[in-house]
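Dear colleague,

Please find below the structure for your consideration. My notes on the ligand and on the enclosed space follow it.

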Amino acid sequence: MSLDTTVKSGLEGVVAAQTRLSSVDGQAGELIIAGFPVEELAGRATFEETIYLLWHDTLPNAAQLGELRQSLAERRTLPEATLALLRAAAAQESDSMDVLRMAASTLSLPTKGRNDPQQDALTLVACFPTIVAAYWRMRHGHEPIAPRADLSQAANFLYMLSGEEPGDERVRGLETYLNTVVDHGLNASTFTARVIISTQSDMISAITGAIGALKGPLHGGAPGPALDMVFEIGESAQAEAYLRAKLERGERLMGFGHRVYKVRDPRADVLSVAAERLYRTDGDTKLYDLARQVEQQAIALLEEYKPGRKLQTNVEFYTALLLYGLDLPTELFTPTFAISRVVGWTAHCFEQLALNRIIRPQSIYSGEHNRRWTEVAER
Ligand code: ACO
């Protein structure tokens, strides 16, 4: 077979897998998650229902849902070695994504070498919120709060951060976010997980690698800066001058533009509705209203300064607003993303294992030929 030697930089346009998990249509602005338009699923499903859907390709009945909730709840407590690692990391003030990567790999300690992808996937999904919340508390000088088995994944995460049981609206807001970002085609971290599991390595190794990929600023996104921009603008009358000055300086507006979506990212719509609901319930929509005005102004100015580039609101803009409304500090934005995306990663690993063909692309050699060896003293 002759080899196509065209290098596809960034693998753009290369189809490397078939998946039933999600479909991203950047021209139409559509995201399908396991058959459901994201708008249909995200605001209705509990996070456990979405987990079941991705793992089993069907919604669970009451008994199946109860069983999954119990399986997750009984795996939430971290091994002592993981807690010791979190304490050591807190003393060093390590980055929270570095800590999530280190802690995830300790979850293979209790497995004693057994390679059981289903059990490992349950443990990873169950433990991510505990790791993130425990580390955040330790890092800020507080004792971790033990997980509760009677709460859902989302409610328990919020509880472990603050020690207070969250109200239904807050749980709904977080579940909508977790459902919205659970899977998104063959993005860099998902591809990483598939490459690792394709060697018949174990699930914990695959997910540890995926965290490393997500940590990079080109992937984990920048919801923090998007929110900073809204805060710096402060009031809607300042929006135009502020944004214009940024564009005049050649800077990018955070929370706008996307490699795949050339229309409004459908996740932005879902998260905007969830954010509005949350801020309304809290009785103060000032920040939400300001963000909407900033968004409208930004889109108009992007069309003026970058005509034809089709720069629209991306997922980061409303992620920031929603998570901030849930009292999550910006340092928790990317780890919270991982709490959701680990479900997509594990589901992709199951798909990859079912096919079981090692992912092994080719490279084109661009180096020298026929070099001759010289001894070190002669170089
Ligand atoms: N503000 C101003 N100009 C922009 C923006 C923006 N947010 N995004 C793109 N542009 C301009 C570029 O300057 C470029 O202009 P030019 O043609 O005059 O040189 C043109 O639009 C095309 O930009 P590219 O960088 O080629 O677009 P690409 O598809 O590679 O970039 C990206 C996508 C990285 C998301 C970009 O839009 C960006 O930097 N956005 C701001 C950061 C951000 O919001 N990141 C989170 C993305 S969501 C996620 O990753 C999950």
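A nitrogen atom of the ligand lies 2.9 Å from a polar backbone atom of Phe 256, a polar contact being a pair of N or O atoms within 3.5 Å. This is a predicted model, in which local features need pLDDT of at least 70 and side-chain atom pairs count only at pLDDT 80 or more, while totals for chains, interfaces and linings use all residues. Residues are numbered from 1 along each chain as its sequence is written, and side-chain values use heavy atoms, with hydrogens and water left out.

Two side chains also meet the ligand through N or O atoms: that of Arg 309 is 2.7 Å from a ligand oxygen, and that of Asn 314 is 2.9 Å from a ligand oxygen. Taken alone, the ligand exposes 930 Å², of which the protein buries 68% (Shrake-Rupley accessible areas, 1.4 Å probe). Among the 17 residues around the ligand, Leu 253, Gly 255, Phe 256, Arg 309 and Asn 314 come nearest (a residue counts if one of its heavy atoms lies within 4 Å).

As to enclosed space, there is one cavity of 30 Å³ or more, where a cavity is a set of points on a 1 Å grid over the protein atoms alone at which a 1.4 Å probe fits but cannot get out. The volume of the largest cavity, about 40 Å³, is the space filled by probe spheres set on the points. Its lining consists of Ser 96, Val 99, Leu 100, Ile 131, Val 132, Tyr 135 and Pro 335, each with an atom within 4 Å of a point.

With kind regards

Notes
On a 1 Å grid over the protein atoms alone, a cavity is a set of points where a 1.4 Å probe fits but cannot get out, and a pocket is an open set with protein on both sides within 12 Å along at least five of seven lines; lining residues have an atom within 4 Å of a point. A polar contact is a pair of N or O atoms within 3.5 Å; within protein, one must be able to donate a hydrogen and the other to accept it, and residues adjacent in sequence count only if both atoms are side-chain atoms.
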